[in-house]
Amino acid sequence: MLYQIEDYEVFFRVFKKYNFCGSDWYGGVYIDERGDICVKYVEGFCEKPFRDEIARCLNTQIYFEKGRYSYRKLSGLCAEIIGDPDNVSHGIIGAGIDEKNNRITLAVTNDFRDEGTLSGRDEFFIERFEWLKTDVSLQPADKLTNGKCSFMAGYPAKNDKGVRGVVTAGHLSAIEKEMSVFCNGEEIGCVRDFEYSDVMDAAFIELNGSGKCSDIVSITPNPRINGLAPEFICGAAVEMYSPNNGGAQSGQIVYPLFNFMNLKNITVCTYSAAAGDSGAPILIPFPSGEHGLSGIHLGTFSLSGKVYSYGRTAKDIDKRFSLELDIKLRN
């Protein structure tokens, strides 16, 4: 069990040191129902060096489980599927690696037809895909006056010029740079940067230092953020916080990375979300009571009738906009 955020960080440092994702033996990693870490491996792997190093670095037990396919192979297949425009006409619109089951999940429409392409290949698991309608968190400007807009505060951040503000969702057709932003009728800042594209859906709102900053980014019942949890494990617990639901919506990470033809590198989870939750923070809770920031909520969809929520990682947003988590703003 990864007891605190420092354990999480140490685990992924070892993960990178051994170049898991680029190796032939590694099949994936997930957290099981007990909270223990399971590493998938393929034939011929010697687990002792990794197990010994984990034991030296942190008080965490891990176990190993045999799989058929390396993560590198599955990742390559995903890239081929996403990169082939002909797959859209065949009804295949997305793919992600199911690390727990050591296979690829394909998101398909009702137009899906196999035509022998996938027959007999147990790397694949087919799920019917359906978009679900969700309202954006930034309200259209014509509902207010003078271009004013409201937003769901995601997390506090500052850019490479030292400008402080908050991150939220960016999917609003009326949004533009320098647009004034108001909270409860009071001007609190402006839209410093935003993007709504295949690879990004976020906005950075500059706050004007009016004294409202701590209120904006500490909406009850959001817990204090102890740091950034930049990597994700299948099966890890997550919580989405929004004033719309009055508390945390809990769930698990199903796909740390999932790609649709029009959405790249999203994180798919099982927590419930409602209209207006876009931009709300997604946190990883630890048994120590700490919370690490993982990203922001963006929307929902259905696979074979089961509803999932998805978001963008804070790591990707921060890299795109040259931001860093501004923990001091929360104190």
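**Exercise 1. Work out how arginine 103 and aspartate 98 pair up, and how covered each one is.**

Step 1: Arginine 103 makes a salt bridge with aspartate 98, and their closest N and O atoms are 3.4 Å apart. A salt bridge here is a side-chain nitrogen of Lys or Arg within 4 Å of a carboxyl oxygen of Asp or Glu.

Step 2: Check the cover. Buried means under 20% relative accessible area, exposed over 50%, and partly exposed in between (1.4 Å probe, protein chains only). Aspartate 98 has 9% relative accessibility, so it counts as buried. Arginine 103, at 21%, is partly exposed.

Before you go on: this is a predicted model, where local features need pLDDT of at least 70, side-chain atom pairs count only at pLDDT 80 or more, and totals for chains, interfaces and linings use all residues. Residues are numbered from 1 along each chain as its sequence is written, and side-chain values use heavy atoms, leaving out hydrogens and water.

**Exercise 2. Find which parts of the chain arginine 164 and aspartate 326 tie together.**

Step 1: These two form a salt bridge as well, with the closest N and O atoms 2.8 Å apart.

Step 2: Arginine 164 sits in strand S8 (residues 164-168), while aspartate 326 is in the segment after strand S19 (323-325), so the pair links parts 162 residues apart in sequence. Strands (E, at least two residues) and helices (H or I, at least four) are DSSP runs, numbered from the N terminus.

Step 3: Aspartate 326 is buried at 2% relative accessibility, whereas arginine 164 is partly exposed at 35%.

**Exercise 3. Describe the surroundings of asparagine 259.**

Step 1: Look in strand S14 (residues 247-260), and there you'll find asparagine 259. With 17% relative accessibility, asparagine 259 counts as buried.

Step 2: List its contacts (heavy atoms within 4.5 Å). Skipping neighbours within four places in sequence, asparagine 259 touches Ile82, Ile93, Gly94, Ala95, Lys264 and Asn265.

Step 3: Zoom in on asparagine 265: its backbone nitrogen lies 2.8 Å from a polar atom of the asparagine 259 side chain.

**Exercise 4. Decide where to read the model with care.**

Step 1: Start with pLDDT, the predictor's confidence in each residue, from 0 to 100. The protein chain averages 80, and 81% of the residues score at least 70.

Step 2: Among the elements, helix H5 (residues 213-217) has the lowest mean pLDDT, 46, and helix H6 (residues 314-321) the highest, 95. Over residues 133-149 the pLDDT is below 50.

Step 3: Where pLDDT is low, don't read the predicted coordinates in detail.

Key. A polar contact is a pair of N or O atoms within 3.5 Å; within protein, one must be able to donate a hydrogen and the other to accept it, and residues adjacent in sequence count only if both atoms are side-chain atoms.
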